[in-house]
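Let's work through a couple of exercises on a ligand site and a sheet. Have the structure open as you go.

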Amino acid sequence: MKKPFSVVLLIFLTLSCSRRPEGRYLILPVREANDEIVLTIEKGGETLYIADIRLALPGQEADYCVPMDLEHFGAGRRDVRFTGIDDKTAWSLISFSDTLPSVPADKYRPKYHHTPEYGWMNDANGLFFKDGVYHLYYQYNPYAAVWGNMHWGHSVSTDLVHWEHKPVAIYRDDYGHIFSGSTVVDYNNTAGFGKGAVVAFYSSWNTAREYVQTQCIAYSLDDGLTFTKYDGNPVLVPFDGIKDFRDPKVFRYEPEDKWIMIVSADKEMRFYTSQNLRDWEYMSAWGEGYGVQPRQFECPDFFQLTTAQGETKWVMIVNVNPGCYFGGSATQYFVGDFDGRTFTCDSPKETVKWLDWGKDHYATVCFSNTGDRVIAVPWMSNWQYGAIVPTRYYRSANAVPRELGLFKDGDEFYVSACPVPELSKLDKESRTVSGITAVAGKSQNVKLFDRTDGAYRLDMEINVPASGKAGWRFTNAAGDVVDMYFDTALGRFVMDRSRSGMVDFGNRSTTHEIENHDRRKTMSMNYVNDFALATWAPVKVAGKHSVCILYDLSSFEVFIDGGKVAMTNLVFPKEPYTDMEVYSDKGRFVIDRLRITAQGL
Ligand code: FRU
């Protein structure tokens with residue numbers, strides 16, 4: 001990650017904070033385990049800002065400190081109020097600063113995957129491309145590395161590889177938390193906010209309101225840097241007693257010259273239409289009973305893809321939490337047709353298609369305004385343990401942007417996901433090894449890198465035997481192992497991270513329920529650690545495959561046969577994996593060609 005913004009952005013004083021009576025930034029010492037205290041900024045009787053902060057109390061050591069920019073609100077100390085703590089105690093803990101040093105290093109922070117500089121991140125939001133710049137917004141808590149205070153954080157890139165942090169784009173407000181959503185570029189000024197305005201759609205979430213979740217608008221006249229909330233908010237409220245109603249995806253439907261919004265509404269997706277982006281009319285609903293849906297649908301996306309043979313279909317992305325085959329959150333999709341009003345899925349309701357077969361791929365949505373390219377960005381974590389993974393100053397990264405494609409297997413259409421080609425900009429020194437052969441009882445060790453810099457890419461052409469298990473284990477001197485193999489008997493590709501390094505944080509004290517997706521109902525499973533497990537994807541095992549693996553300190557992303565299978569899993573090794581042991585327990589397993597390429601920004 002490029003860090004120009006860190007210089008000006010923030011201070012993390014893990015020890016003591018300088019005591020000045022006033023300054024631009026409040027420096028808040030945070031203890032994540034503490035209850036939230038409410039801080040409000042009020043001026044002239046008006047509430048300008050509300051934040052829930054987990055203040056380290058007298059006598060407690062802070063986990064870290066975070067800044068709050070008072071200048072953004074034109075506010076000073078006199079405008080700050082507290083609920084849940086008396087003023088004197090609060091001010092004895094909080095200090096001020098005008099200058100902000102950078103964030104301490106985090107052992108597991110990836111070298112090139114996008115991460116927030118500090119604080120918590122979940123879903124990617126409002127992705128759009130304009131004038132050569134990709135904008136990535138994300139669910140962001142600036143005041144702790146756990147969920148809360150939802151804002152839209154913001155980063156930009158001209159190549160989908162180098163990301164630059166920008167200031168928070170949309171602030172939590174009196175109306176509620178700023179939940180997930182999308183953006184469009186309104187080139188023709190249909191909304192009246194201005195020609196080329198970037199219009200953001202998000203869900204406001206506020207348990208104190210009549211409708212807890214409503215759809216709202218904010219617009220930007222400076223290409224997505226700052227946003228003004230629309231004074232007619234909310235633009236959409238739920239009907240029919242729907243409880244979960246969120247994550248609006250808006251797109252232009254050219255054949256009828258109209259805008260369409262899809263909102264996840266409990267266990268279905270609702271379609272609305274508008275001419276001006278402000279007034280929305282209900283059209284249809286789709287999804288009840290489709291795929292895996294133990295609870296509500298979340299974060300829809302909807303776009304067209306065309307096969308190499310020229311067949312075009314509509315694809316509906318549906319994120320579900322829980323619902324992942326391996327527990328927690330995951331991304332499924334449905335392929336079908338759309339007539340401008342109603343989506344019809346090609347497959348029967350029971351058919352389940354996953355965009356990624358790992359456990360750390362969620363809330364995946366795509367950039368708008370990228371022409372024929374459909375580029376998706378996943379949140380690389382899982383709601384089961386996202387808030388307790390062993391990073392400190394920040395939590396969660398995005399998986400690499402992936403280009404989606406459409407292919408057919410028999411009569412069914414499927415979506416492939418491949419790392420965008422722009423990632424070749426990360427390539428550093430590279431070497432190729434040919435003809436690595438493993439037979440039963442005789443494995444082959446490949447040294448990946450002597451220098452344990454922790455980010456590399458492997459591209460392999462392999463030939464898998466017709467029986468037994470064959471694959472490779474990533475290892476390090478600390479004894480950590482990530483095992484990836486093809487299992488012929490079960491017809492699977494497996495990634496086992498149960499001995500990958502730090503896994504204890506995933507422990508559960510009791511057995512709990514996960515959903516069995518084969519039968520699409522909940523059943524009790526006897527497992528006690530959400531993290532220490534293997535994930536698998538069905539594949540036609542025997543024969544030739546191409547495999548691309550991206551390893552970046554704390555994550556593996558595997559793409560098989562041009563992304564027909566994608567699998568993304570986090571790992572927290574005691575030190576980076578340096579070696580690869582190629583093995584087979586029965587037949588002859590050959591890696592015809594292995595290209596090892598160091599990755600760096
Ligand atoms: C998905 C989600 C969204 C919601 C957001 C809140 O991860 O639950 O449905 O808008 O996170 O942060």
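Two strands count as paired if DSSP finds at least two bridges between them. Keep in mind that this is a predicted model.

**Exercise 1.** Work out the strand order of the open sheet that contains strand 11, and find its edges.

*Solution.* Start with the order: four strands form the open sheet, running 11-12-13-14 with antiparallel pairing. Now look for the edges. Strand 11 and strand 14 (228–229) each have a single partner strand, so one side of each has no neighbour in the sheet. Next, zoom in on one pair: strand 11 and strand 12 (residues 197–205) are antiparallel and joined by eight bridges. For a concrete example, take Ser182, whose bridge partner in strand 12 is Phe201.

**Exercise 2.** Describe the shell around the ligand: which strands each supply at least two of its residues, and how do the residues divide by character?

*Solution.* First, collect the neighbours, among them Asn122, Asp123, Phe179, Ser180, Arg246 and Asp247. Strand 7 (119–130), strand 11 (177–186) and strand 15 (245–253) are the ones that each give at least two shell residues. Then sort by character: five are nonpolar, three polar and four charged.

**Exercise 3.** Which polar side-chain atom lies 2.6 Å from a ligand oxygen, and how much of the ligand does the protein bury?

*Solution.* That atom belongs to Gln139. Two further side chains put an N or O atom by a ligand oxygen: Trp383 at 2.8 Å and Asn122 at 3.1 Å. As for burial, the ligand alone exposes 310 Å², and the protein covers 95% of that.

Technical notes. Residues numbered from 1 in each chain as written. Predicted model: local features only at pLDDT ≥ 70, side-chain atom pairs only at ≥ 80, totals over all residues. Heavy atoms only, no water. Near = heavy atom within 4 Å. Polar contact = N/O pair within 3.5 Å; in protein donor to acceptor, adjacent residues only side chain to side chain. Areas by Shrake-Rupley, 256 points an atom, 1.4 Å probe, with all protein chains shown as cover. Nonpolar A, V, L, I, M, F, W, Y, C, P; charged D, E, K, R; others polar.
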